[in-house]
Amino acid sequence: MMNLQAELAPCHKRGLLLRNPVVMASGTFGYGMDNANIAEVHRLGAITCKGTTLLPRSGNKEPRILETASGMLIAIGLQNPGIHTVIEEYAPIWATWQTPVIVNIAGETVEEFVELAALLEGVKGVAGIEVNVSCPNVLAGGAVFGADAHTVAMVTASVRRVTTLPLIVKLSPNSGDVRPTALAAASSGADAISLINTITGMGIDISMRGPTLANVTGGLSGPAIKPIALRMVYEVAQELRLSYPRVPVIGIGGISNANDALEFLMAGASAIQIGTINFTNSRAGVEIVEGIEEFMHQEKVKSITELVGVAL
């Protein structure tokens, strides 16, 4: 039989073993409830829930979504019910699932990240934490935490001290070279690195003669960013293989089918997250799992680990 299992936290005492490497990305699958049956949640590797903050957020003003030629611009503004609702209403349901759920946390200060992580400690149904360092640091003039390796290290180390859960750090592509921030996260206690988050972009409404999005800018996602994401995953995987070979990479960005997923795996990702495709195809995750299985069968590959990093 083929082995599709992916270990996302090999250095963690409990680990985070997935039945396959296909994970739902934060923000595109909600809290896993709406499409649970259609998406066949029980067949997925894991789910990363919508970005969660300490207090509820209503998000940005509309319009906040703009379709592009090969993707979409999103400026939702972290609309979410807050960490306490997630713990009280959603976690008990996740605890009944076989598929692990990772909680994506977002803070405006290091202290907020720490408080979020501490609140999730010991909560049944929460399998891990993904720290979104693409958030603006209000104490540093609004610059994103992920723009500076020192800040990424500080956030990672601070969260690591208060949680025993597997810890994933999600990197921003908008800081240029992501390798220094990846190394900073790995050296400060991250069990895995996920990348990339969306790329900042904007649109102009020519009839209104102004920005299309109420927030002016948004995050570009979808097939348009795949080549950029693939290059960054490749570079980070190369770097970590030299310095932190037991810190896995999770590839994100424009993955729409099994071929895309296989490219990321061969570029060094141990698992992948799918996002934008979920808006048009709720079964994309299962279809990608099936496509990977078919490829492995055709190529006589017995374990998914045989494919990880073969292109490096």
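In this predicted model, Lys 300 belongs to the segment that comes after helix H7. Although Lys 300 is not a glycine, its phi is positive, at about 60°. The residue is exposed, its relative accessible area being 71%. Helix H7 itself spans residues 284-299 and lies across strand S3 (22-24) and strand S16 (271-274), running at about 170° to S3.

Both of these strands belong to a barrel, which eight strands close in the order S3-S4-S7-S8-S9-S10-S15-S16, with parallel pairing. On average, neighbouring strands of this sheet are turned by 25° against each other, direction ignored. Strands of a sheet pair through backbone hydrogen bonds, either parallel or antiparallel.

One stretch of the barrel can be followed residue by residue. Strand S8 (residues 128-132) runs parallel to S9 and is joined to it by four bridges; Asn 132 has Lys 170 in S9 as its bridge partner. S9 in turn pairs with S10 in the parallel sense, over three bridges, and here Lys 170 stands opposite Ser 194 in S10.

S10 is covered on both faces: Ala 192 and Ser 194 are buried on one side, Ile 193 and Leu 195 on the other. In a regular strand the side chains alternate between the two faces of the sheet. Leu 195 is also joined to Ile 196 by a cis peptide bond, with omega about 10°, and Ile 196 lies in the loop between S10 and strand S11 (199-202).

S9 (167-170) and S10 (192-195) also help to cover the buried residues of helix H4, as do helix H3 (149-162) and helix H5 (226-243). The buried residues of H4 (residues 179-187) include Thr 181, Ala 182, Ala 184, Ala 185 and Ala 186. An α-helix has 3.6 residues a turn, so residues three or four places apart point the same way. After H4 comes Gly 189, with a positive phi near 115°.

Two other loops have notable backbone geometry. Between strand S4 (46-48) and strand S5 (65-68), the loop holds Pro 63, and the peptide bond from Glu 62 to Pro 63 is cis, with omega near 0°. The loop between strand S6 (71-74) and helix H1 (83-94) contains Leu 78, a residue other than glycine whose phi is positive, near 55°. Leu 78 counts as partly exposed, at 26% relative accessibility.

On the surface, Met 202, Ile 204, Ile 206 and Val 216 make a nonpolar patch of about 410 Å². Within this patch, Ile 204 is part of strand S12 (residues 204-205) and is exposed, because its relative accessible area is 53%, where exposed means over 50%.

Terms used
Residues are numbered from 1 along each chain as its sequence is written. This is a predicted model: local features need pLDDT of at least 70, side-chain atom pairs count only at pLDDT 80 or more; totals for chains, interfaces and linings use all residues. Side-chain values use heavy atoms; hydrogens and water are left out. Patches are made of residues with over 30% relative accessible area and no salt bridge: like charges are joined within 9 Å, nonpolar side chains (Val, Leu, Ile, Met, Phe, Trp, Tyr) within 5 Å. Accessible areas come from the Shrake-Rupley method with a 1.4 Å probe; for residues, only the protein chains shown count as cover. A salt bridge is a side-chain nitrogen of Lys or Arg within 4 Å of a carboxyl oxygen of Asp or Glu. Buried means under 20% relative accessible area, exposed over 50%, partly exposed in between (1.4 Å probe, protein chains only). Contact means heavy atoms within 4.5 Å. Two strands pair if DSSP finds at least two bridges between them. Axes are lines fitted to C-alpha atoms, for helices over the stretch in contact, and angles run from 0 to 180 degrees between N-to-C directions.
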